[in-house]
Amino acid sequence: MQDVSNELGLVAPTYVAGNTNQDTIELLALMNRQGYNLTKEFDWRALQVEYRFYTQAITTTGDVVDGSPIITNVADTTGLSNKWMASTGNGVPQDCSVVSVVGSTVTMNQPMQATQVGASLVFGQTKYDLPPDYETITDRTQWDKSKHWEMLGPEDAQQWQWLKSGYISTGPRVRWRILGQYFQIWPIMNTSEYLGFEYRSKGWARSSSDAIKNSFTADTDTTVFDDQIMILGTKLRYWQIKGFDTTALQQEYDRYLSVAKANDKGAPNLSFAPYPSKVLIGYANIPDTGYGS
């Protein structure tokens, strides 16, 4: 903040958070705006995060009644919530999700189709919370690490409803979709599997204890971005709101931003004549003579 003030010819503040000077208040707001916009603008390496979690499932018993959505005397409701669905069980219809859990009573979104005391039931969680600093997901990073298979998705609305409602809607591959602020998976898992993906974080700021933040609120806060991008961007925004000529500031900022993006991470070499690798036995991996001896 001191660098921005000095370069603009303003009085540099001795502190920022809680300062009542109008220029300092504006500069802090504009610097935060710069951080917000940079987060949206580019897949910065410093904002790329890996996220991992285990799927949750419960095998239990309960009493079901034909025509009633209420399952009573459920032996184990640990962790059950409206993020779960019933995958198997006598009388459990397709696409049957939990509405509420009170003690040993579980209310579903559909009535059961059979009556049985002590019916075997399997519940699986299909909705998983996104990380608190989640901004956007990174394509082709979703993997079922237990089965060593890439998850398929994101599924669109029509495909998702076909998966949940069609006659043939399951398979060995996990499908995924972000819906209602949840990372949702299909089919319902009845075992614990290790899944993961990468995402872009909106946490461009850091506290003095390295806690992730999405804005500057204390004088000891820092940023994961290049300091010069923040300085140049804040100067440009300040000049814009004052109605001054921003031509020179805009050119300087654009040049620096372009270089910063280019230097942020490497790029792969692309071939004009690509061909599939020889992963099985072929001319590239057997000897010229003596094969099989």
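In the predicted model, Arg140 is exposed, with a relative accessible area of 60%, whereas its salt-bridge partner Glu150 is buried at 16%. The closest N and O atoms of this pair are 2.4 Å apart. Glu150 belongs to strand S11 (residues 149-150) and Arg140 to the loop between strand S9 (134-137) and strand S10 (143-144), so that the salt bridge ties together parts of the chain lying 10 residues apart in sequence.

In total, 12 salt bridges are counted in the model, among them two further pairs that link distant parts of the chain. Asp129 forms a salt bridge with Lys83, with the closest N and O atoms separated by 2.9 Å; Asp129 is located in strand S8 and Lys83 in the loop between strand S3 (70-71) and S4, 46 residues apart. The relative accessible area of Asp129 is 41%, which makes this residue partly exposed, while Lys83 counts as buried because its relative accessibility, 18%, falls under the 20% cut-off. Asp95 likewise forms a salt bridge, in this case with Lys164, the closest N and O atoms being 3.5 Å apart. Here the residues are 69 positions apart, Asp95 being placed in the loop between S4 and strand S5 (96-102) and Lys164 in helix H3. Asp95 is partly exposed, at 22% relative accessible area, and Lys164, at 15%, is buried.

Helix H3 and strand S8, which contribute to these pairs, also appear in the description of an open sheet. This sheet consists of 3 strands in the order S8-S13-S12, with antiparallel pairing; strand S8 (127-129) and strand S12 (175-179) form its edges, each pairing on one side only. From one strand to the next, the twist averages 30 degrees. Strand S12 is joined to strand S13 (residues 182-186) by 5 bridges in the antiparallel sense, and within this pairing Leu179 has Tyr182 of S13 as its bridge partner. Helix H3 (residues 157-165) packs on the sheet, where it touches S12 and S13, and the direction of the helix makes about 125 degrees with that of S12.

Strand S7 takes part in two further antiparallel pairings. With strand S2 (residues 57-64), strand S7 (residues 116-125) pairs over 7 bridges, and Val122 in S7 is the bridge partner of Thr59. With strand S4 (residues 84-89), S7 is joined by 5 bridges, and Phe123 in S7 stands opposite Ala86.

Terms used:
Residues numbered from 1 in each chain as written. Predicted model: local features only at pLDDT ≥ 70, side-chain atom pairs only at ≥ 80, totals over all residues. Heavy atoms only, no water. Pairing = 2+ DSSP bridges. Helix = DSSP H or I, 4+ residues; strand = E, 2+ residues; numbered from the N terminus. Axes fitted to C-alpha atoms, helices over the stretch in contact; angles between N-to-C directions. Contact = heavy atoms within 4.5 Å. Salt bridge = Lys/Arg side-chain N within 4 Å of Asp/Glu carboxyl O. Buried < 20%, exposed > 50% of the residue type's maximum accessible area, 1.4 Å probe, protein only.
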